[in-house]
Amino acid sequence: MELNAFAFETLTIAGSATTCTSATYQPASGPPASRAILGPLEAGQIRWRADGTAPTASVGHLMEVGDPLILEGLVTINKFQAIRTGAVSGSLPVTYER
Amino acid sequence: MGSIIVPGRGYFRRSTKTFTFDGSAGKGAVGTFTVFTVTGEVLVVALIPYCSTNIGVDAGAGVASMQLGVANATTLFIATTQADTIDASEFWVSNTPTANGIAVPAGLQNIAITQDIQGEVTSTDVQLVNAGVIRFDIYWLPLSSDGNVVAA
């Protein structure tokens with residue numbers, strides 16, 4: 001089935017674990033997102049996890065400035081969390097599709 | 001069913017730091033300022049500082065200069081450069097900043113390091129750097145398993 005973009009946000013990944021915004025990817029009307037296109041990451045390196053546990057500055061998948069990431073499935077999007085590794089926050093644009 | 005796709009990032013890794021000088025400690029006062037925190041051993045594939053706002057100095061006596069290197073070797077990348085000669089739209093890749101375009105000097109390519117990337121403000125008397133913005137872009141690769149470069 002063809003997916004269509006329906007929402008966008010820019011996440012600021014700072015010193016505490018940040019999630020995607022539920023109200024954005026799971027709006028009050030219409031079906032929720034089934035895929036999220038994240039990045040390319042800007043400004044600062046981050047770490048991420050999608051297993052429901054918050055990443056830390058030293059544990060999690062590294063995401064470098066310029067890296068993209070694709071999350072498929074509402075559960076995976078719901079569990080995604082990210083945190084910066086250094087003093088500079090990351091800026092992560094996200095487009096949601098359904 | 002959910003899944004995660006991590007598209008290839010390409011061969012090199014990239015970090016960037018936009019540094020604003022205001023004359024305070026670590027931001028233009030005489031002494032060092034840290035641009036990137038380095039863990040383990042890394043290969044600096046290319047390091048390119050670009051000035052977006054003229055570097056300015058205060059009215060103090062003497063002449064302020066800047067250099068770029070790593071902790072314990074602060075001229076490893078760029079030799080001592082009179083600070084107020086670094087102007088907007090110039091690449092600071094040598095002690096004669098250049099606009100428009102320039103071949104990246106050998107001193108800013110393929111350098112193995114183990115220390116934080118630092119600049120240093122020096123002065124013939126007390127003059128310091130109190131204005132200006134430089135964006136530092138670095139392409140790098142890890143050498144050790146823990147090799148990493150993070151904007152400070």
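## Exercises on the contact and cores of chains A and B

Across the interface of chain A and chain B in this predicted model, three residue pairs are found in polar contact, both residues at pLDDT 80 or more.

**Exercise 1.** Determine which residues form the salt bridge between chain A and chain B, and how far apart their closest N and O atoms are.

*Solution.* Begin with the count: one salt bridge links chain A and chain B. Next, identify the partners, which are B:Arg13 and A:Glu64. Their closest N and O atoms lie 3.8 Å apart. Finally, apply the cut-off: the pair qualifies because a salt bridge requires such atoms within 4 Å.

**Exercise 2.** Describe the side of chain A that touches chain B by element and by residue class.

*Solution.* Strand 6 (residues 69-72) of chain A gives the most to this side, with four residues. By class, the side comprises eleven nonpolar, five polar and three charged residues.

**Exercise 3.** State the extent of the contact between the chains.

*Solution.* Chain A and chain B contribute 19 residues each. The area buried between them is about 1500 Å², with 57% given by carbon and sulfur atoms. Of the area that chain A buries against chain B, A:Glu64, A:Val65 and A:Glu72 supply 30%, more than any other three residues.

**Exercise 4.** Identify the residues that touch the most other members of the largest nonpolar core.

*Solution.* This core holds 33 residues, and the residues sought are B:Met66, B:Phe77 and B:Ile117. Strands of chain B that each supply at least two core residues include strand 4 (42-57) and strand 11 (129-142). Apart from this core lies another, of 21 residues, among them A:Leu11 and A:Met63.

Conventions: Residues are numbered from 1 along each chain as its sequence is written. Chains are lettered from A and ligands numbered from 1 in the order in which they are written. This is a predicted model: local features need pLDDT of at least 70, side-chain atom pairs count only at pLDDT 80 or more; totals for chains, interfaces and linings use all residues. Side-chain values use heavy atoms; hydrogens and water are left out. A nonpolar core is a set of buried Ala, Val, Leu, Ile, Met, Phe, Trp, Tyr and Cys residues joined through side-chain atoms within 4.5 Å. Buried means under 20% relative accessible area, exposed over 50%, partly exposed in between (1.4 Å probe, protein chains only). Contact means heavy atoms within 4.5 Å. Buried area is the accessible area (1.4 Å probe) that two parts lose on being put together, summed over both. A salt bridge is a side-chain nitrogen of Lys or Arg within 4 Å of a carboxyl oxygen of Asp or Glu. A polar contact is a pair of N or O atoms within 3.5 Å; within protein, one must be able to donate a hydrogen and the other to accept it, and residues adjacent in sequence count only if both atoms are side-chain atoms. Ala, Val, Leu, Ile, Met, Phe, Trp, Tyr, Cys and Pro count as nonpolar, Asp, Glu, Lys and Arg as charged, and the others, Gly among them, as polar.
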